[in-house]
Amino acid sequence: MERASAKQERIAARRTYMLLRAALFAQLSKRPFEQITLTDICSTALVSRSTFYRYFEDKYDLLRYCLQSLLEESGLSDEVIYFRNMENIRRFLDVLLQNLNENTVMYQKIFQANKDGDLFRIIRRGLIQILTDNLLAAEQNGYRLKLSAPVYTSLLADFYFDIVKCYLEQADQMDCAAFIDSVCRFVERDFFEEREG
């Protein structure tokens, strides 16, 4: 049986991760990433700098954690990365887009506050690194790429960025299920109806 103090430490750590993640998003809604300081994040999260440093090296490390968490929560897997299992891709997109739906106002504010800054370049670079790490793990499970890994991860990162951007632009014109169906048709290269006679 787990000691009570170890369980409390795990709960405290989880709580701190959640507070810091929420604080970063709150700050990103107000100002560009490059203007956000650790003091801003710690004040918003109500945690000390020493507590912050117990979990993260800097705000970039916190941002990477947030991106990694979102992808893990959405179900990023080998099958999604390699476009091998359409049901897993659908589930991944459904969870990702539901998160967007539940937090639309926040994401719109983050976009507005950061559209001219470095945030999206930093996120893209982080996404490429996460995909590269997952790709290396997937290769150990027998998957092999026919093209260069840096080319693949770069194109894949852009693909997911464009899905999010396109969805935010199309959300009022198309429901989530129809959007996911369109993306899956694109992945399967099922673009056109058969021509009649």
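Q: Accessible areas come from the Shrake-Rupley method with a 1.4 Å probe, and for residues only the protein chains shown count as cover. What does the accessible surface of the chain come to?
A: This is a predicted model, so a few ground rules help: local features need pLDDT of at least 70, side-chain atom pairs count only at pLDDT 80 or more, and totals for chains, interfaces and linings use all residues. Residues are numbered from 1 along each chain as its sequence is written, and side-chain values use heavy atoms, leaving out hydrogens and water. Carbon and sulfur atoms hold 51% of the accessible surface, and the total for the chain is about 12,400 Å².

Q: Which elements make up the chain, and how many are there?
A: Helices (H or I, at least four residues) and strands (E, at least two) are DSSP runs, numbered from the N terminus. Read from that end, the elements run α-α-α-α-α-α-α-α-α-α. The count of strands is 0, and that of helices is 10.

Q: What does the C-alpha trace span along its principal axes?
A: The chain has 197 residues, of which 39% are buried (under 20% relative accessible area). Along the principal axes, their C-alpha trace spans about 70 × 40 × 35 Å.

Q: What share of contacts between residues at least 6 apart in sequence join residues at least 24 apart?
A: A contact here means heavy atoms within 4.5 Å. Among contacts in the chain between residues at least 6 apart, the share joining residues at least 24 apart is 66%.

Q: Is Ile 128 buried or exposed?
A: Ile 128 sits in helix α8, where Thr 153, Ser 154 and Ala 157 touch it, not counting residues up to four places away in sequence. Its C-alpha atom and that of Pro 150, 22 residues apart along the chain, are separated by 8.2 Å. The relative accessible area of Ile 128 is 18%, so this residue is buried.

Q: Is Arg 84 buried or exposed?
A: Arg 84 belongs to the loop between α5 (78-81) and α6. The threshold for exposed is over 50% relative accessible area, with partly exposed between that and the buried limit. Arg 84 has a relative accessible area of 54%, so it is exposed.

Q: Which residues is Arg 84 in contact with, leaving aside its neighbours within four places in sequence?
A: Arg 185 lies 101 residues from Arg 84 along the chain, and their C-alpha atoms are separated by 14 Å. With neighbours within four places left out, the residues in contact with Arg 84 are Glu 79 and Tyr 143.

Methods
Buried < 20%, exposed > 50% of the residue type's maximum accessible area, 1.4 Å probe, protein only.
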